[in-house]
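Please open the structure in your viewer, with the whole chain displayed and a selection tool ready. The stops below go from a sheet to a covalent link and then to the nonpolar interior.

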Amino acid sequence: MDGIFEILVLVLVGVAARSVCGARGDVPVIREPDSIEFSIGYDFNPNRSLYRNYGRQVDKRGYVYSSDEAAFLVRNGNAVLPKPDDAAGGYGNAVSSTQIMRAARLINPNRKNSYQVYFVCAEESETAFVYQGYEIVSETRVVKDPNNPNGTIEEEVIIGTQVIDIPTSYQNLSKPDNAPAPTAKFCHDIEGGSFVNNNALSSCNVSELFVTAWSSTSAGYVARYELNFDSNPAEMGEFNIVEVISGPRDVAGFGHKVVAKGDWLVVSSVINGVVVIYKRMIEQCQSRFIEYQRLSGMPDSFGQDISITFKDLLWVGSWREDKVYIYGTGLQWTEKQVLQGVAGERFGFSVVGMGDTYGFVGAPGANFGGGTTYFFKKNCQDPALAFIEADRMVFNESQHYGYEIGTDGCRTALLGGGDGEAVYRWNADISAYFDEYCTCVVQKSDREYAQHYMFHDDLGLDSCQVQVSHQLYECQMGGAPYLCNYGPQHGWVFTAPREQITDLPSFKCVPPEHQFVRRRWMFNCLHDVVVCP
């Protein structure tokens with residue numbers, strides 16, 4: 001037996017708290033205000049004496065970060081990604097990651113593998129390095145429907161993970177032959193991603209990689225790669241170049257930043273203050289990108305950083321203006337909102353948008369150079385659902401934190417400084433307000449998560465499998481009917497501090513003598529609670 005799959009616990013996420021007033025549908029649903037406060041967790045700095053400028057680049061997905069001439073894994077004990085011998089200076093000038101879905105194992109059509117993959121650029125040697133990280137095995141199983149005691153649903157269950165403690169360089173990608181801009185430096189920025197196309201003619205899930213080439217005096221280009229799965233179920237496959245997208249000739253500095261989500265590819269030129277948006281054209285499982293629209297702003301400012309979400313919101317930072325522009329799409333991408341920072345803070349130097357509900361903006365010049373990162377969420381009381389500031393992460397050391405931002409997509413922000421001594425992790429303390437009349441009755445949930453110990457041979461045949469199941473507990477809010485109907489809260493923390501609130505608006509269905517208290521839960525993610533009804 002060659003590999004041992006270690007334990008991975010499937011954490012089920014709870015639902016956002018809601019309050020319903022009245023016994024009939026003629027009374028509107030009221031959602032209690034959430035309290036979201038970020039507190040600093042811990043820092044990543046494997047060796048301050050050996051490496052400099054931690055957080056020079058931070059993967060927006062929160063897996064990889066770099067310092068001068070080194071790259072590190074966030075979620076694997078700060079493991080150093082070994083610098084290949086053929087990586088010249090500039091190693092770590094851009095980093096990214098993605099998760100690759102592998103075809104189902106031949107013997108089990110319900111089983112599939114996925115790999116965590118890391119990308120690191122070395123611009124001086126014009127090479128992109130691909131590292132294979134851990135492998136995850138999941139399986140589709142029939143489980144009880146938590147909303148229907150007599151029903152069942154199909155659920156994808158993670159049954160094991162095989163960790164590679166120190167990933168090695170899996171593949172090196174060099175400048176394409178006959179590149180359209182020979183003087184542009186290859187691997188200025190890098191972005192991993194995927195696209196899914198399911199229709200009557202084809203069904204495909206394609207893993208992609210976008211690598212930019214950049215020049216300050218001319219337009220660069222984007223090289224697009226697709227992962228080619230081979231016939232060996234034990235191998236991840238290799239990236240092959242499928243398309244070279246030349247930048248517009250009149251846009252010098254094209255390729256400064258690149259992001260991709262679904263059918264959209266966005267590339268910026270901060271020199272010209274131009275953001276070029278491309279749309280994917282698909283024929284069965286073959287795709288190509290065509291220019292769709294250009295956005296423009298202040299030169300040497302607009303497009304410093306960009307972020308696009310699966311909800312088709314585009315965040316564009318313009319740091320010299322101390323602004324962030326948010327665009328939404330219809331027939332055209334149009335401006336929805338402008339976030340204004342404080343003059344001189346370099347607000348908008350880094351941006352990360354998440355879904356259509358929240359995002360982060362870095363201002364590395366704030367607080368006398370210590371840096372500040374702002375957390376924005378939608379204002380549910382605003383008919384336009386505009387983003388408002390909900391919290392800020394402030395540094396006192398002069399290391400320009402907010403220069404780079406990453407997030408795990410749940411409750412954590414990773415903040416890097418342009419000349420920092422560490423990458424700092426900030427965690428969201430997510431709470432909600434409840435009337436003190438409501439009580440919490442603890443009961444076992446119907447849903448289970450399982451720990452699996454698996455062994456397999458080279459062919460992927462399961463020779464032994466042991467499963468240990470555990471039930472979650474949930475908190476069901478009690479009290480008068482309809483008054484405390486908040487829904488189940490998985491992983492409720494009963495020992496959390498209680499904060500008495502007296503200035504909340506009084507609701508007709510809540511007795512005026514009642515007070516509100518703040519309680520916290522553990523396993524909810526921001527995208528579950530930062531939502532509007």
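Two strands are said to pair if DSSP finds at least two bridges between them. With that criterion in mind, and remembering that this is a predicted model, select the four strands that form an open sheet in the order β18-β19-β20-β21, where the pairing is antiparallel. The edges are held by β18 (257-261) and β21 (286-296), each of which has a single partner strand, so one side of each is left without a neighbour in the sheet. If you look along the sheet, neighbouring strands are turned against each other by 20° on average, with direction ignored.

Stay at the β18 edge and add strand β19 (residues 264-269), which pairs with β18 in the antiparallel sense over five bridges. Which residue in β19 is the bridge partner of Ala 260? Select Leu 265, which takes that place.

Next, zoom out to the chain. Its 533 residues, of which 53% are buried, include one helix and 37 strands. Among contacts with a separation of 6 or more, 57% are between residues 24 or more positions apart. If you display the accessible surface, its area comes to about 23,600 Å², and 50% of this belongs to carbon and sulfur atoms.

Now select Cys 121 and Cys 187, whose sulfur atoms are 1.9 Å apart and form a disulfide; the count for the model is one. The angle about the S-S bond is -75°, and the link is left-handed. Cys 121 lies in strand β10 (residues 111-122) and Cys 187 in strand β14 (residues 185-198), so the disulfide ties together parts that are 66 residues apart in sequence. Are these two cysteines buried or exposed? Cys 121 is buried, at a relative accessible area of 0%, and Cys 187 also counts as buried, with 0% relative accessibility.

From here, turn to the largest nonpolar core, which has 24 residues, and select those with the most contacts inside it: Ile 190, Leu 209, Val 211, Tyr 225 and Phe 239. The elements giving two or more residues to this core are β9 (91-102), β10, β11 (127-145), β14, β15 (203-214) and β16 (221-228). Centre the view on Phe 239, and, leaving aside residues up to four places away in sequence, you will find that Phe 239 touches, among others, Ile 100, Phe 119, Val 130, Leu 173, Leu 209 and Tyr 225.

For the last stop, select Val 352, Tyr 358, Phe 360 and Ala 413, which are included in a second, separate core of 19 residues.

How values were computed:
Residues numbered from 1 in each chain as written. Predicted model: local features only at pLDDT ≥ 70, side-chain atom pairs only at ≥ 80, totals over all residues. Heavy atoms only, no water. Disulfide = S-S within 2.5 Å. Buried < 20%, exposed > 50% of the residue type's maximum accessible area, 1.4 Å probe, protein only. Core = buried A, V, L, I, M, F, W, Y, C linked by side-chain atoms within 4.5 Å. Contact = heavy atoms within 4.5 Å. Areas by Shrake-Rupley, 256 points an atom, 1.4 Å probe, with all protein chains shown as cover. Axes fitted to C-alpha atoms, helices over the stretch in contact; angles between N-to-C directions.
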